[in-house]
Amino acid sequence: MSERRACKAIGCCRMTIRYRTTRADDAALRQRMRAIAEVRRRFGYRRLHVLLRREGYLVNHKKLFRLYREERLAVRRRGGRKRALGTRAPMVVPIAPNDRWSLDFVSDQLTDGRRFRILTVVDECTRECLALVADTSLSGSRVARELDRLMIERGKPKMVVSDNGIELTSNAILTWADQSRVDWHYIAPRKPTQNAFIESFNGCLRDELLNETLFTSLAQARVELGHWRADYNDTRPHSQLGWKTPSEFAFTCNPRRDLALRYADGSAPAPAAATAQPSKSNSRGELRTG
C-alpha cells in the first residue's frame, strides 16, 4: 500500500508521518542532572533546577521536569505522615534574625546498635541551622552550655521555642533562661505543629542524611553532621527563601549581624550618642490638670 492510501486509511496527515524531530537530545544536561541526583538523592526537580542554573545551564523548568521524568529520577516517598486534626492557624514568621530560635532532639543509632541523640537549633527567620550537637546523652546543662556558645557567636535571641521534654524543662534550662533574660516558650503537649519550623528541619535532616548514611562511630557522626550543616546553610537552596541559601538570605536580611554581640548587655548595638541626663523639673513651668 502506498503512503497516500495508508495515511487515508488511518486518518493521518502525510506531513505528520514525514516529520523528523529537530529537538536536541540534551545529553550533557541529562548526564549532569543524573550526577547531581545521585549525590542529592532526596532532591526533587525544583532544587535540581536551581543547582543547574548556578552551573550555567539555561533550561526551562517545564523542560527540566520532562527530562526528569524521562530519566526516572522521581524521589520515592517514605510512607505517610500524621496529619494535624482540628483548626489550624498560620504561624507568625519572625522578621529579623535572632527573633526566635527553635530547638528539638533527633535520635539515631550506630551500626553496632548504640543510640545517640542530636540537638538541633534553627533560626526561624533565616532558616539557618545554628547547631547540630551529637552525643549519647544531652542533659539540660549541656543544652545550656551550647546555647551560651551560640549567644557568643550570634547574639542573644528574643525567644526560644521548644517542646516539654525533661531536658528542656529542667532546672538548668529554667535558670539559664532567667539569667540570660530570654523568653522561653513551651508548645502545648502533643502539638508538634506549634513548632513547625524545627519539625520541618528535622524531617530534612532525617531524610537527606540520617536515612542515607550508616554511622560506625560517634566521631564519624559528628563529622558528617558538620559537613551536612555547612552544605545546608551555604549550598542547599531553600524553597521558602526564594530558592536562596539560608546564608545568602541572612546576609541580605541583616549584613551586620556579626557585630551584634560585641556588647554584653544584649544584641543591640551601642547608641551613637550618650544618653542625656534627666533635667530637674520646674514646678512653675509645668501645667497642672484639673
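# Exercises on a predicted chain

Of the 290 residues in the chain, 38% are buried. The model is predicted, and the exercises below work from its coordinates.

## Exercise 1. Overall architecture

Task: State how many helices and strands the chain has, and what share of its contacts between residues at least 6 apart in sequence joins residues at least 24 apart.

Solution. Step one is the secondary structure: the chain comes to 10 helices and five strands. Step two takes the contacts between residues at least 6 apart in sequence; of these, 61% join residues at least 24 apart.

## Exercise 2. Packing of helix 6 and helix 7

Task: Classify the arrangement of helix 6 and helix 7 from their axes, and describe the contact by residue and by class.

Solution. Begin with the geometry. Helix 6 spans residues 140-154 and helix 7 spans residues 171-180; their axes come within 8 Å and cross at roughly 25°. Angles under 35 degrees count as roughly parallel, so helix 6 is roughly parallel to helix 7.

Next, identify the residues that make the contact. Helix 6 contributes Gly140, Ser141, Val143, Ala144, Leu147, Asp148 and Met151, while helix 7 contributes Ala172, Ile173, Trp176 and Ser180. Sorted by class, the contact has seven nonpolar, three polar and one charged residues.

Finally, examine one participant in detail. Glycine 140 lies in helix 6 and counts as buried, at 7% relative accessibility. Leaving aside residues up to four places away in sequence, glycine 140 touches Glu167, Ser170, Ala172 and Ile173. The C-alpha atoms of glycine 140 and alanine 172 are 5.6 Å apart, although the two residues are 32 apart in sequence.

## Exercise 3. Aromatic pairs around tryptophan 184

Task: Classify the ring pair of tryptophan 176 and tryptophan 184 and that of tryptophan 184 and tyrosine 186, and give the burial of each residue.

Solution. The structure holds eight aromatic pairs. In the pair of tryptophan 176 and tryptophan 184, the ring centres are 6.0 Å apart and the planes stand at 85°. An angle over 60 degrees counts as edge-to-face, and this pair is accordingly edge-to-face.

For tryptophan 184 and tyrosine 186, the centres are 6.2 Å apart and the planes are at 35°, so the pair is tilted.

The last step is accessibility. Tryptophan 176 has 5% relative accessibility and counts as buried; tryptophan 184 is buried as well, at 12%. Tyrosine 186, at 24%, counts as partly exposed. Tryptophan 176 also belongs to the contact between helix 6 and helix 7.

## Exercise 4. Charges over rings and an aromatic cluster

Task: Determine which rings arginine 47 and arginine 117 sit over, and which residues form an aromatic cluster with Phe65.

Solution. The charged end of arginine 47 sits over the ring of phenylalanine 43, at 5.8 Å from its centre. Arginine 117 lies over the face of phenylalanine 105, and here the distance to the ring centre is 4.3 Å. As for the cluster, Phe65 is joined by Tyr45 and Tyr68.

## Exercise 5. Positive phi outside glycine

Task: For arginine 190 and tryptophan 243, give phi, the place in the chain and the exposure.

Solution. Arginine 190 has a positive phi, near 60°, and is not a glycine. This residue is found in the loop between strand 5 (183-186) and helix 8 (196-210). With a relative accessible area of 78%, arginine 190 is exposed.

Tryptophan 243 likewise has a positive phi, of about 65°, without being a glycine. Its loop runs between helix 9 (218-234) and helix 10 (246-253). At a relative accessible area of 26%, tryptophan 243 is partly exposed.

## Exercise 6. Proximity across the sequence

Task: Locate serine 137 and glycine 226, and give the C-alpha separation of serine 137 from arginine 115 and of glycine 226 from alanine 131.

Solution. Serine 137 is in the loop between strand 3 (129-135) and helix 6, and its relative accessible area of 52% makes this serine exposed. Arginine 115 is 22 residues away along the chain, and the C-alpha atoms of the two are separated by 9.4 Å.

Glycine 226 has its place in helix 9 and counts as partly exposed, at 38% relative accessibility. Glycine 226 and alanine 131 are 95 residues apart along the chain, with their C-alpha atoms separated by 8.8 Å.

Methods
Residues numbered from 1 in each chain as written. Predicted model: local features only at pLDDT ≥ 70, side-chain atom pairs only at ≥ 80, totals over all residues. Heavy atoms only, no water. Axes fitted to C-alpha atoms, helices over the stretch in contact; angles between N-to-C directions. Helix = DSSP H or I, 4+ residues; strand = E, 2+ residues; numbered from the N terminus. Parallel < 35°, antiparallel > 145°, perpendicular 65-115°, else oblique. Contact = heavy atoms within 4.5 Å. Nonpolar A, V, L, I, M, F, W, Y, C, P; charged D, E, K, R; others polar. Phe/Tyr/Trp six-rings, centres within 6.5 Å; stacked < 30°, edge-to-face > 60°. Buried < 20%, exposed > 50% of the residue type's maximum accessible area, 1.4 Å probe, protein only. Lys NZ or Arg CZ within 6 Å of the ring centre and 35° of its normal.
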